[in-house]
Amino acid sequence: MMWVWFGIAVALFVVEIATADLVAVWFALSSMVLGIITGVASGLDLIWQILIFVILSAVLLVATRPFAKWLKRRAGNAETNLELVLNHKGIVVEEINNDLSEGAVKINGLVWSARSVNGEIIENGALVTVKEIHGNKAIVSKE
């Protein structure tokens, strides 16, 4: 029976990885612990195994879910590349000319391909503000 519980644990971990929504992790951990318990106490009845699984799952869920959700919310507030450059100022390092599909700006130490918002040519060394991001291009306006 030990391998059945380990199999259930692996399946539940796969579900958790696929959803990444903190749904199955407690049940997976309970199954894993129960696999260890049934390996040590091989004569444990199925009714007792199910009862231990339910109790252990409930305890893990109640004890750790609020903390895990708090950690997930906290990690979800990390800035992405978009937030790190949108509305930031940059310096043109290659003249921006939409007609020739040329131009680059340096923003926060990184060089981005750039185009101007209204199609104007922006000369090298000009100060610009990032208004939008389209793919890997910063859409900028002159200061």
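In this predicted model, five strands close into a barrel. Their order is β1-β2-β3-β5-β4, and the pairing is mixed. Neighbouring strands of this sheet are turned against each other by 50° on average, direction ignored. Within the barrel, β1 and β2 pair in the antiparallel sense. Four bridges link this pair. Isoleucine 91 has lysine 106 of β2 standing opposite.

The strands also supply a nonpolar core. The largest such core has 13 residues. Val92, Ile96, Val105, Ile107, Ile122, Ala138 and Val140 have the most contacts inside this core. Five elements each give two or more residues: β1 (89-97), β2 (102-107), β3 (110-116), β4 (127-134) and β5 (137-142). In soluble globular proteins, nonpolar side chains tend to be buried together.

Valine 92 illustrates the contacts of one core residue. Leaving aside residues up to four places away in sequence, valine 92 touches Ala104, Val105, Ile122, Glu123, Asn124, Gly125, Ala126 and Val128. Two of these partners, Val105 and Ile122, are also among the core residues with the most contacts.

Two further residues were examined for exposure. Threonine 129 is found in strand β4. Its relative accessible area is 5%. Threonine 129 therefore counts as buried, as the value is under 20%. Again without residues up to four places away in sequence, threonine 129 touches Asn87, His88, Lys89, Ile139, Val140, Ser141 and Glu143. Val140 in this list is one of the core residues named above.

Glycine 135 lies in the loop between β4 and β5. Its relative accessible area is 72%. Glycine 135 is therefore exposed, because the value is over 50%. Glycine 135 and isoleucine 122 are 13 residues apart along the chain. Their C-alpha atoms are separated by 20 Å.

Two helices form a pair earlier in the chain. Helix α1 spans residues 2-19, and helix α2 spans residues 25-40. Their axes come within 8 Å and cross at roughly 165°. This angle is over 145 degrees, so α1 is roughly antiparallel to α2. The crossing of α1 past α2 is left-handed.

Both helices bring several residues to the contact. From α1 come Met2, Trp5, Phe6, Ile8, Ala9, Leu12, Phe13 and Glu16. They meet α2 at Val25, Phe27, Ala28, Leu29, Ser31, Met32, Leu34, Gly35, Ile36, Thr38 and Gly39.

Notes: Residues are numbered from 1 along each chain as its sequence is written. This is a predicted model: local features need pLDDT of at least 70, side-chain atom pairs count only at pLDDT 80 or more; totals for chains, interfaces and linings use all residues. Side-chain values use heavy atoms; hydrogens and water are left out. A nonpolar core is a set of buried Ala, Val, Leu, Ile, Met, Phe, Trp, Tyr and Cys residues joined through side-chain atoms within 4.5 Å. Buried means under 20% relative accessible area, exposed over 50%, partly exposed in between (1.4 Å probe, protein chains only). Contact means heavy atoms within 4.5 Å. Two strands pair if DSSP finds at least two bridges between them. Axes are lines fitted to C-alpha atoms, for helices over the stretch in contact, and angles run from 0 to 180 degrees between N-to-C directions. Angles under 35 degrees count as roughly parallel, over 145 as roughly antiparallel, 65 to 115 as roughly perpendicular and the rest as oblique. A crossing is left-handed if the near helix is turned anticlockwise from the far one by less than a right angle, and right-handed if clockwise.
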